[in-house]
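Student: Got a few minutes to walk me through this one? I'd like to start with the strands and then drift wherever it takes us.

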Amino acid sequence: MPPSFQLLDGKFVSSELKKSLSVGVAEFKKLYGRTPSLHVVIVGQDPASQIYVGHKEKAAAQIGIESRVHRLSSTTTQTEVESLVLQLAQESHVDGILVQMPIPKHLNSARINELIPFEKDVDGFSSQALGALCLNNAKAVACTPAGVMELLDFYKIQVQGMDAVVIGRSTIVGKPMALLLLNAGATVTVCHTKTKDLYSHVRNADLVVVAAGKPEFLNVSHFKKGSIVIDVGIHRDSNQKIVGDVKSEGLEKHVSAASPVPGGVGPMTIAMLLKNTLTLAHDRMKV
Ligand code: NAD
């Protein structure tokens, strides 16, 4: 076993973060006489989305953030979704807007995300938010990669100078993750389905963030001794057990730190949504 294996316990870190956020929310209320307000738009009946949105509502209520869910039927038109988003964009008491993905295929998600004003974009998926991240000037960063950075930060893992590999190049995880690591001074390689030899990149990395969405497609044999492994993937296997993109068996004897699934990045994602809501609420009161 490496001398000090560190489990990157997102369940614990997110609960600590939520405690401090609930203090922050109480201060906000005292200062401005109102409650930070998060608005979630959900279109259709995707079962996983219904569960995620339920978790978001519960977590917001726990720390005193007002959350309102706008449920639209799966036959809602592009114009109807757009007019709801535009209406929320105008309303002064609304601090954060997010449209829960995935949305039905007949809708254009990119166009909808672009209608969320930068000042209210809690998910950080719009081109302005991603551009700001590129310039290291973001207000709210996509919650999952932001949660990974918060987790690393909590355990005082300095990524500056590290050779980091991000597996996945999606707009919601891989790309913002790569930018955050780059902004923090890591040397970043992004691997994806067209990468020639993914394993050689992983084998040489000090830090690997795995967000391929492929159940247990990496295992302990792929990582450099003493490296750090962040598993973003979340799946149910054939026995309904929750697993990640990395097989966890034996990791603690080989790498120096790893995030578990469940209880790693997942809880951090929700905590960062709350943090982003409070940050945006404060920013909006300053202008
Ligand atoms: P996605 O499907 O949009 O993107 C996956 C990316 O991985 C793509 O860029 C693809 O090129 C790459 N990829 C796929 N297979 C690969 C392979 N074999 N080798 C190399 N690259 C490969 O998925 P996403 O939305 O980015 O999510 C990734 C995973 O993270 C999923 O399992 C998702 O459920 C999970 N996720 C978890 C959280 C959380 O809070 N824990 C949040 C968002 C996503």
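Student: How many bridges join β5 to β6, and in which sense do they run?

Tutor: 5 bridges join strand β5 to strand β6 (residues 187-191), and the two run parallel. One pairing to click on is Ala 164, whose bridge partner in β6 is Val 188. Strands here are DSSP runs of E with at least two residues, helices are runs of H or I with at least four residues, and both are numbered from the N terminus. Two strands pair if DSSP finds at least two bridges between them.

Student: Before we go on, what kind of model is this?

Tutor: It's a predicted model, where local features need pLDDT of at least 70 and side-chain atom pairs count only at pLDDT 80 or more, while totals for chains, interfaces and linings use all residues. Residues are numbered from 1 along each chain as its sequence is written, and side-chain values use heavy atoms, with hydrogens and water left out.

Student: OK, back to the strands. What unit do β5 and β6 make with helix α7?

Tutor: A right-handed β-α-β unit, with helix α7 covering residues 174-183. Right-handed means that, with the strands pointing away from the viewer, the path from the first strand over the helix to the second runs clockwise.

Student: And which strand pairs with β5 over 4 bridges?

Tutor: That's β7 (residues 207-210), also in the parallel sense. Ile 167 stands opposite Val 210 in β7. Strand β7 in turn pairs with β8 (residues 228-231), parallel over 4 bridges, and there the bridge partner of Leu 207 is Ile 228.

Student: What's the strand order of the whole sheet?

Tutor: It's an open sheet of 6 strands in the order β1-β11-β8-β7-β5-β6, with parallel pairing. β1 (6-7) and β6 stand at the edges with a single partner strand each, so one side of each is left without a neighbour in the sheet.

Student: Why is β5 largely enclosed?

Tutor: Because 4 of its 5 residues (β5 is 163-167) are buried, the strand is largely enclosed by the rest of the structure. Buried means under 20% relative accessible area, exposed means over 50%, and partly exposed is in between (1.4 Å probe, protein chains only). Ile 167, which lies in β5, has 2% relative accessibility and counts as buried.

Student: Switching topic: which residues come nearest to the ligand?

Tutor: Thr 144, Arg 169, Ser 170, Val 232 and Thr 269, out of 21 residues around the ligand. Being near means that a heavy atom of the residue lies within 4 Å.

Student: What is the make-up of that shell?

Tutor: The shell divides into 9 nonpolar, 10 polar and 2 charged residues. The classes work like this: Ala, Val, Leu, Ile, Met, Phe, Trp, Tyr, Cys and Pro are nonpolar, Asp, Glu, Lys and Arg are charged, and the others, Gly among them, are polar.

Student: Where does Ser 170 touch the ligand?

Tutor: A polar side-chain atom of Ser 170 lies 2.5 Å from a ligand oxygen atom. With Val 232, a backbone N or O atom lies 3.4 Å from a nitrogen atom of the ligand. Ile 234 also has a backbone N or O atom 3.4 Å from a ligand oxygen atom. The protein covers 71% of the 850 Å² of accessible area that the ligand has on its own; those areas come from the Shrake-Rupley method with a 1.4 Å probe, and for residues only the protein chains shown count as cover.

Student: Any odd backbone geometry? Which peptide bond leading to Pro 102 is cis?

Tutor: The one from Met 101, with omega near 0 degrees. Pro 102 is in the loop between β4 (96-99) and α4 (109-114). The bond from Val 261 to Pro 262 is cis too, and Pro 262 is in the loop between β11 (257-258) and α9 (265-286). In general, most peptide bonds are trans, and most residues other than glycine have a negative phi.

Student: Then what about Asn 136: what is its phi?

Tutor: Near 60 degrees, a positive value in a residue other than glycine. Asn 136 lies in the loop between α5 (127-134) and α6 (143-154), and Asn 136 is exposed, at 51% relative accessible area.

Definitions and conventions:
A polar contact is a pair of N or O atoms within 3.5 Å; within protein, one must be able to donate a hydrogen and the other to accept it, and residues adjacent in sequence count only if both atoms are side-chain atoms.
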